[in-house]
Amino acid sequence: MTAPQIEIQLIAAVVAIACAIPGVFLVLRKMALISDAISHSILPGVVIGFFLTHDLNSPWLILLAAVTGVITVVLVEAIQKTGLVKEDTAIGLVFPALFSIGVILIAKNANDVHLDVDAVLLGELAFAPFDRLIMSGLDLGPKSLWVMGCVLLITLTLLILFFKELKVSTFDAGLSSALGISPVIMHYGLMSISSVTVVGAFDAVGAILVVALMIAPAATAYLITSNLKKLLVLSILFGVFSALAGYWMAHLLDASISGSMTTVLGVVFLLVYLFAPRKGLIAVMYRQRQQRTEVSLLTFLLHLNNHQEENERHINHLNEHINWQKVRSKTVVDLALKNNMILIDNNVVSLTEKGKEFTELALEYIITNKDENIEPMKEDFFLFRG
């Protein structure tokens, strides 16, 4: 690998880590769309900062853009609190307006400057290694790497210092207030960090990839675990993997690096969405099918419990009486046999002692509903669950 290739991958990995950390809390707070709003609405802050400093590398651009990001959040919440519109509608009202102001300012006053909408939205990682940080004639490496390295260091420091406060305010704002932790301060602190991260990243990777790196890894990790620490670690791993895999995909296909990274993020999310052990689509469909079968089994056992006549318990009559298709009937009968719930003698079905005990407990649950759910009882009786 050449030095620029290594630097591109290093920048991508640092950006992925820096975006994944605030992204986790945005997803948990159900504020994923706010990252998209911030990534677009900070444009007027960048433009105004350039007008004041006439320097695209000035730190004032980052500061003013971060302030614009916070203003976006304040305006969204102000509109939402009126009760006239919901949060997603408020976001849809605020960020296009602010973004449009930035576009107009660029079109009217900065046409001869390398500050264009395409660069802000799309970015190009391939050019990042050529924008160097040179001090006293010494080449210190790509500017993007230093900027995002500083942003990541600040983010990690704040995460370590305020992890408990962020955790409490994210999951229970009422408890946070009772413990003396201001949810408002935590909220705007998170929005400020998100704004700074977006500003630092979009010069290299563009606003679209910033949003993808903030939301997709966190959303993917959330399908696997609900533990906050594991969620943060998995989000970082998914983000870094997608960034590196996306780079090599772009290298092989001679395609856009940002586009390839975003594509890999989407593919990774799709795979986890389908195959996650507990929340994946296939696991959920299997669990729903299993639950339907178990409900049918319970119906079958209750029928046997309520009828002592042999003709009512004959295997052929069961299909007619309960009005099941043969495949479903066979599935239920086989499940009952495997779990030692029934005996079949001369095609007449009878409950075993285990079947009677389970049926009595199920009836008690149905009548009194004293337990929160019936799942623990199934785990005690069903062999495939035990």
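The following exchange walks through a predicted model of one chain.

Colleague: How many helices and how many strands are there in the chain?
Modeller: This is a predicted model. Of its 386 residues, 44% count as buried. The secondary structure comes to 17 helices and four strands.

Colleague: What share of the contacts between residues at least 6 apart in sequence joins residues at least 24 apart?
Modeller: One example of a pair distant in sequence is Ala37 and Pro96, 59 residues apart along the chain and 8.0 Å apart in space, C-alpha to C-alpha. For the chain, among contacts between residues at least 6 apart, the share joining residues at least 24 apart is 65%.

Colleague: Is Ala37 buried or exposed?
Modeller: Ala37 lies in helix α2, residues 32-41. Leaving aside neighbours within four places in sequence, Ala37 is in contact with Thr72, Ile91 and Phe95. Its relative accessibility is 0%, and the cut-off for buried is under 20%, so Ala37 counts as buried.

Colleague: Which helix gives the largest share of the largest nonpolar core?
Modeller: That core has 74 residues. Those with the most contacts inside it are Val15, Ile34, Leu125, Met191, Val205 and Met261. The largest share, 19 residues, comes from residues 183-222, helix α10.

Colleague: Which residues does Leu125 touch, not counting residues up to four places away in sequence?
Modeller: Leu125 is one of the residues with the most contacts inside the largest core. Val205 and Met261 are also among those residues, and Leu125 touches both. The full set is Ile8, Ile11, Ala12, Ala204, Val205, Ile257 and Met261.

Colleague: How many residues are in the other core, the one lying apart?
Modeller: Leu304, Ile315, Ile342 and Phe358 are among its members. Ile342 falls in strand β3, residues 342-345. The count for this core is 17 residues.

Colleague: What is the relative accessible area of Ser194?
Modeller: Ser194 is found in helix α10. Setting aside residues up to four places away in sequence, Ser194 touches Pro22, Leu26, Ile38 and Met214. Ser194 is buried, because its relative accessible area falls under the 20% cut-off, at 1%.

Colleague: Which residue in the turn between β1 and β2 has a positive phi?
Modeller: Strands β1 (residues 132-135) and β2 (residues 138-142) pair in the antiparallel sense over three bridges. Met135 has Leu138 as its bridge partner in β2. The hairpin leaves two residues between the strands, and the one with a positive phi, about 55°, is Ser136.

Colleague: What stands opposite Ile344 in β4?
Modeller: Strand β3 (residues 342-345) runs antiparallel to β4 (residues 348-351), and four bridges join them. They form a hairpin with two residues between them, where Asn346 in the turn has a positive phi of about 55°. Opposite Ile344 stands Val349.

Colleague: Is Ile71 buried, partly exposed or exposed?
Modeller: Ile71 is found in helix α4, residues 59-81. Trp60, Leu63, Val67, Ile71 and Leu75 make a nonpolar surface patch of about 460 Å². The relative accessible area of Ile71 is 41%, between the cut-offs of 20% and 50%, so Ile71 is partly exposed.

Colleague: What percentage of the accessible surface belongs to carbon and sulfur atoms?
Modeller: The accessible surface of the chain comes to about 20,500 Å². Carbon and sulfur atoms account for 64%.

Conventions: Residues are numbered from 1 along each chain as its sequence is written. This is a predicted model: local features need pLDDT of at least 70, side-chain atom pairs count only at pLDDT 80 or more; totals for chains, interfaces and linings use all residues. Side-chain values use heavy atoms; hydrogens and water are left out. Two strands pair if DSSP finds at least two bridges between them. A nonpolar core is a set of buried Ala, Val, Leu, Ile, Met, Phe, Trp, Tyr and Cys residues joined through side-chain atoms within 4.5 Å. Buried means under 20% relative accessible area, exposed over 50%, partly exposed in between (1.4 Å probe, protein chains only). Contact means heavy atoms within 4.5 Å. Accessible areas come from the Shrake-Rupley method with a 1.4 Å probe; for residues, only the protein chains shown count as cover. Patches are made of residues with over 30% relative accessible area and no salt bridge: like charges are joined within 9 Å, nonpolar side chains (Val, Leu, Ile, Met, Phe, Trp, Tyr) within 5 Å. A salt bridge is a side-chain nitrogen of Lys or Arg within 4 Å of a carboxyl oxygen of Asp or Glu.
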